[in-house]
Amino acid sequence: MRVTTNIEMQKTMNTRRNFMRSAGIVGAAISATSISKVAMAALPEPVIQSRPDTMPPLHPQSGRPYNPVVTLNGWTLPWRMNQGVKEFHLVAEPVVREMAPGFKAHLWGYNGQSPGPTIEVVEGDRVRIFVTNKLPEHTSVHWHGQRLPNGMDGVSGLTQPSIQPGKTFVYEFVARRPGTFMYHPHADEMVQMAMGMMGLWITHPKGPHPLIETVDRDFCFLLNAYDVEPGSYTPKIMTMLEFNLWSWNSRIFPGIDSLNVRQYDKVRIRVGNLTMTNHPMHLHGHEFVVTGTDGGPVQKSARWPEVTADVAVGQMRQFEFLADEEGDWAFHCHKSHHTMNAMGHDIPTMIGVDAHDLTKKITSLVPDYMLMGDRGMADMGEMEMPLPDNTVPMMTGEGPFGGVEMGGMFSVLKVRKNQKPGE
Ligand SMILES: [Cu+2]
C-alpha cells in the first residue's frame, strides 16, 4: 500500500472528531499512535498511473451522474464514497514523465504523473482530499478558483502549516460552483511548478444549467513549460522566461495526442495556463466561443466568435464549437516559438549569407561541419544530425504531404464522419 505510516491530521479538532466518527471511532481519550493507525486504515488506497497515454473518460460509478471529460495524455482520479463524501488520495512525489517518445523528464507530480490526475466532481458534492507528501521538501495544495473555507485554500504559512515530507494533510470542502479549475502547490511554488506539480479540477453542473451546454466531446489540458537542457533529464528551476519545452499536460508535439471528434459533434476544450507567459490558442477551420473561465460560465451576451483566444498566466478558458468541417485541423499556440522544441535562441540569422567559401575551408579542418540556416530553418526538420540522448528534434512530425515542422504546443483536431461517440 502506498501510504505513509505517519499520518498527521492537521485540521481543527472539530473536523478531527467528525473524521473519527466517520471512521467508526468514538471515544474521549485516543492516543496519538492509535489515531495514526485508525487514520491509516481510513485512507483511500492511492491510485497510481504510469502510462502517458490519454485514458478513456472515467464514467462515475457512484454519486450523481455527469458526462466525464477526456484529459489529453492524462487521466481522472477515481474516488471512493464514504458516507456521502467523495474521498480522493493525492500523493505528491517525484515522477518520470515521457514528454514525447524518446524523451523522458524527471519531474515532480502526483500519483505517478505530471500533471497530476484530473479531479471530477459534481456541483454540491462534499469532497475530502488526502494529500500525502512524498517529496523531499514540504508542500501544500491550492484549489485554484474554488469557493471554500479559508483554511482549505492551501496557502502555506497563510492558511495552513505546510505539509512536511512523509505527512498527510486532509482538505475538505463542498464544490460550490460548476466550472473549470486547477490545483497546484502554494509552497515553494516557483520550484514546484517548474518541476511539474499541477492538475485539473472539473466541477460538473448538478443538472441542466442555463449557461452550460451539454457537449459530445469534452477535452481538457494544462499549458506548462520546462527548461530541460538537451541530453539531460531534470528541469532547470531558476528559468523565468527562456523555457525550451512548451507543453500541454507535460507532453510536447509529436507526443500530444490528437483530439478526435465526429463531424457535427459539439466540442468543449478546457485550457488552463500555469506557464510564465500567455498563449494565444488558435484553432483552424472553425470558430469557437469562450463559454467559461475559472470564474464560472460566461453570460451569453458576453460571448463572441474567435479563432484565436489568449489564455493569460493563471487563467482558464473553455472553448466551444460545432465540429462541422471534416478533416485534420491544426490546433496550437500561435506564438511560433512555442511550437518548437528545445533550441538555442541566440543564433544569428544566416538567411542571405553566402558562406560557401567559408564552409569549404572549415570542412577541410572539421569534416562533419554543417552550415545551417542560410536558406531558412526548415532544413532542421529533415536534417539527420545526431542528437544527444534523451532529446527530441526542434521541429518534427510527418503528415500525408511531408514534414509538419512543428514541436511544443501543437496538436490536431481530427474531425471524422464515422468517429463513434465516446471513441
Ligand atoms: Cu504559447
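1. The secondary structure here adds up to 5 helices and 23 strands; helices (H or I, at least four residues) and strands (E, at least two) are DSSP runs, numbered from the N terminus. Bear in mind that this is a predicted model: local features need pLDDT of at least 70, side-chain atom pairs count only at pLDDT 80 or more, and totals for chains, interfaces and linings use all residues. Residue numbers start from 1 along each chain as its sequence is written.

2. On packing, 41% of the 423 residues of the protein count as buried. Buried means that 20 or more other C-beta atoms lie within 10 Å of a residue's own; 12 or fewer makes it exposed, in between is partly exposed, and C-beta atoms are placed from the backbone. Among contacts with a separation of 6 or more, 74% join residues 24 or more positions apart. A contact needs two C-beta atoms, placed from the backbone, within 7 Å.

3. The largest nonpolar core has 86 residues. Such a core is a set of buried Ala, Val, Leu, Ile, Met, Phe, Trp, Tyr and Cys residues joined through C-beta atoms within 7 Å. Met182 and Trp201 are among those with the most contacts inside it. Leaving aside neighbours within four places in sequence, Trp201 touches Ile119, Trp143, Phe181, Met182 and Tyr183.

4. Now the open sheet of 4 strands, with the order S5-S10-S9-S7 and mixed pairing. Its edge strands are S5 and S7 (142-144), each pairing on one side only, and the twist averages 25° from one strand to the next. For pairing, DSSP must find at least two bridges between two strands; for the twist, axes are lines fitted to C-alpha atoms (for helices over the stretch in contact), and angles run from 0 to 180 degrees between N-to-C directions.

5. S5 (residues 119-122) is covered on both faces: Ile119 and Val121 are buried on one side, Glu120 and Val122 on the other. S5 runs parallel to S10 (residues 199-204) over 4 bridges, with Val121 partnered by Thr203. S7 and S9 (residues 179-184) are antiparallel over 3 bridges, and His144 has Met182 as its bridge partner.

6. Another open sheet has 5 strands in the order S13-S23-S20-S15-S18, again with mixed pairing. S13 (259-262) and S18 (308-311) stand at the edges with a single partner strand each, so one side of each lacks a neighbour in the sheet. The twist averages 20° from strand to strand. S20 (residues 327-333) and S23 (residues 410-416) pair antiparallel over 6 bridges, with Asp328 opposite Lys414 as bridge partner.
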